[in-house]
Structure formats: structure tokens, C-alpha cells
Amino acid sequence: MSFTYRGLKATLERHIVTDEEIDRQLEKVRLQNPRIAHVDNRPTENGDEVVLDYAGYCDGVQFAGGTAQNQTLVLGSGMFIPGFEEQLLDKVPGEEVIVKVTFPTQYHAPELAGKEAEFHCKIHEIRVKTQYELDDVFAKEVGRCETFEQMRTLFGKTLQDYTDERGELELRERLLRQAADSLEFKPSEMQIENELTEQMNMMKAQLAQQGLSMEMYCQFMNTTEEQLREDNRSTAEVAVRIQATIEQIAYTENMEATEEEITEMIAAIARQNNMTMEQMQPHIDGEFSVAVVRSVLTNKVMKLIRDTAEIEEVIGK
């Protein structure tokens with residue numbers, strides 16, 4: 001099987017992160033991290049965030065779903081039943097309040113719709129949220145740095161490292177595709193169909209994480225699952241070609257996935273999912289192990305192609 005994977009040529013366009021990009025990202029971090037201050041010298045006001053316990057009663061009986069501890073609520077946000085938040089105004093931490101409300105007639109729990117209820121509440125804390133300035137206080141409390149300049153420097157380095165990693169990964173993927181394009185191989189219909197099935201299953205899993213079904217997604221996109229499958233056919237064919245290229249290079253170069261490399265890959269997957277190795281164990285079945293070995297070999301193949309390629313590096317705008 002004749003194809004070329006050594007000595008490929010490509011251009012790596014390296015983007016240098018600008019001061020403006022650093023500033024924009026710092027501003028995003030500032031807006032996403034309001035400063036929370038505890039208030040203990042006045043009663044609650046609209047806009048305050050309170051931490052409270054509450055228990056709901058209807059006809060003198062505590063009802064399911066109406067109890068919480070250390071719940072946070074911004075007064076005036078309208079997140080709770082109409083009339084609830086207003087009755088928590090002008091209260092102080094430690095105070096117990098009985099909030100009386102009437103559930104809306106169109107309430108999602110039919111057994112409570114239109115009924116009067118009482119919530120026995122206890123306020124624990126009053127908090128206010130303000131925006132940080134881009135200063136040393138922001139650096140210390142959010143960036144864990146001594147000064148804002150130090151935070152900005154570290155932030156810039158992190159952005160540059162991320163940009164370089166993305167550029168390097170994109171380069172390796174382009175080189176792998178070049179090698180795949182030279183491979184004398186035509187995927188069978190069964191291989192393409194299997195890859196399509198795998199892609200569709202992955203898409204369903206990703207949608208499920210967002211609380212969506214494939215049916216809901218198709219309705220939103222005005223398409224069908226069959227049409228989605230057909231639209232992805234060319235992508236699936238490319239994926240099969242690339243996998244065949246990886247397998248052929250690994251075979252030609254006598255590459256194997258060692259136990260150490262497999263363990264390192266599983267550990268990396270665990271870290272990405274905020275899991276320990278012990279928590280990963282129930283998920284390590286035959287299919288998972290095959291996927292891990294494939295990932296290890298893919299990385300080794302991509303490194304070989306990259307190391308033997310002629311790369312021209314240019315600085316992009």
C-alpha cells in the first residue's frame with residue numbers, strides 16, 4: 001500500500017496574542033466574577049442576595065419540593081412565586097419569617113395550583129454583588145496574584161500557550177489529512193455506515209448532556225435524522241480514511257501502545273472529567289480500552305508525521 005507520510009510540507013501560521021485580546025479576555029473574567037461582600041449593618045434591600053432556609057406548607061401540611069437549605073435568592077429577581085421575595089425585604093440575618101403566598105392557577109404542580117401556602121423561612125446571610133476594577137484587589141481575589149500586572153502577564157502567557165497549542169494541533173491534523181489523501185484506499189460502504197452510526201451516537205450523547213433529544217434537535221434545525229446522517233457521509237468517509245492511515249503507519253513503523261502510555265492516557269481522560277482513577281474503573285471496558293489504544297497510536301503517528309515534516313513557520317496577523 002503506497003502512500004507518503006514522511007517529509008510532508010506545510011505552513012504553521014503562528015498568531016501572537018495582542019494586548020487588545022488580553023484586555024478583552026480579562027474584561028470577560030471581570031464580568032463573570034462579581035465581588036461578593038457580606039452585609040451585617042442593615043436589613044435586606046432589593047438587589048441583595050440572601051442565603052436562607054425555607055419549608056413550604058399547604059393546608060398545614062409540608063409539601064414535597066418546597067423545602068431547601070442554604071438557598072441563594074436575589075431579592076427582586078422574580079425567581080420565586082409572586083409575593084415571596086417582597087416579604088423578605090427589611091429583614092436581618094438570623095430572623096425567621098413566615099411568607100404567605102398564593103400559587104398561580106397555572107402552576108406546574110397541579111396539586112398546588114391556585115392554593116394558599118406558607119413558607120417558614122430563616123435568613124442566614126445578606127450579600128451584595130459589585131463589579132471589580134481591573135486592579136490589584138481583582139488580581140489577588142480572582143487571579144491569585146500579588147499585582148494586576150503580574151496577573152496580566154500570566155494571563156497573556158496562558159492565552160499564548162493556548163493559541164500555540166491550538167495552532168500545533170491544527171497543523172498536525174492537516175499533515176495527517178495530507179497523508180490520508182495519498183493513501184490508496186477506498187472505504188467500504190460498511191465502514192462508512194459504521195462510522196456514521198458512531199458519529200450519530202456521539203451527537204445524541206452530546207445533545208443529551210444539554211437536555212435535548214435528537215428529535216428536538218431535528219425539529220429545531222428543520223431536518224431529519226436520516227438527512228443528518230446523509231449530510232455527514234463525506235465527513236465519515238474522511239474519518240475512515242484517516243483511521244486507515246493511522247493504522248497503516250503504525251503497522252509500517254512497528255508502533256505499539258505500551259502499558260505506561262495507556263495508563264497515562266486514561267489518567268488524562270480522568271483529569272479532563274474531574275474523576276479519580278478509581279472512579280474511572282467502572283467505565284474501562286473492552287470498547288473503552290480499544291478507544292484508548294487508538295488515541296495513543298494516533299498521537300504517536302501524528303508526532304512522527306510532524307517530526308519528519310518540513311514546516312515553514314510564519315507570524316500571522
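In the predicted model, Gly-211 adopts a positive phi of about 80° just after helix α4. The helix itself comprises residues 189–209, and its 21 residues, at 1.5 Å a residue, should span 30 Å; the C-alpha atoms at its ends are 30 Å apart, so the expected and computed values agree. Seven residues are buried in α4, namely Ile-192, Glu-195, Leu-196, Gln-199, Met-200, Met-203 and Leu-207. These residues lie on the same side of α4, because the arc that they cover around the axis is only 135°. Such an arrangement may be read against the general geometry of helices: an α-helix has 3.6 residues a turn, so residues three or four places apart point the same way. On the other side of α4, Met-190, Ala-208 and Gln-209 are exposed. The cover over the buried residues of α4 includes α5 (214–221), α6 (225–231) and α7 (233–252).

Helix α7 also takes part in the largest nonpolar core, as described next. This core has 25 residues, and those with the most contacts inside it are Tyr-5, Leu-175, Leu-176, Ile-249, Met-255, Val-301 and Ile-305. Two or more residues are given to this core by each of β1 (9–15), α3 (148–182), α7 and α10. The greatest share comes from α7, with six residues. When neighbours within four places in sequence are left aside, Met-255 is in contact with Ala-250, Leu-297, Lys-300, Val-301 and Leu-304. A second core, separate from the first and consisting of 21 residues, includes Tyr-54, Phe-103, Phe-119 and Ile-123.

Strand β3 spans residues 49–58 and is mostly covered, with nine of its ten residues buried. It pairs with strand β4 (residues 61–74) in the antiparallel sense over eight bridges, and in this pairing Leu-52 stands opposite Gln-71 of β4. The hairpin formed by β3 and β4 has two residues between the strands, and Asp-59 takes a positive phi near 55° there. Strand β3 also runs antiparallel to strand β6 (residues 116–130), to which nine bridges join it. Within β6, Arg-127 is the bridge partner of Glu-49.

Gln-281 is located in the loop between α9 (277–280) and α10 (286–308). Its relative accessibility is 47%, and Gln-281 therefore counts as partly exposed, since this class lies between the limits of 20% and 50%. Gln-281 and Ala-270 are separated by eleven residues in sequence, and their C-alpha atoms are 9.9 Å apart in space.

Conventions:
Residues are numbered from 1 along each chain as its sequence is written. This is a predicted model: local features need pLDDT of at least 70, side-chain atom pairs count only at pLDDT 80 or more; totals for chains, interfaces and linings use all residues. Side-chain values use heavy atoms; hydrogens and water are left out. Helices (H or I, at least four residues) and strands (E, at least two) are DSSP runs, numbered from the N terminus. The expected span of a helix is 1.5 Å times one less than its number of residues. Buried means under 20% relative accessible area, exposed over 50%, partly exposed in between (1.4 Å probe, protein chains only). The arc is that of the directions from the helix axis to the C-beta atoms. Contact means heavy atoms within 4.5 Å. Two strands pair if DSSP finds at least two bridges between them. A nonpolar core is a set of buried Ala, Val, Leu, Ile, Met, Phe, Trp, Tyr and Cys residues joined through side-chain atoms within 4.5 Å.
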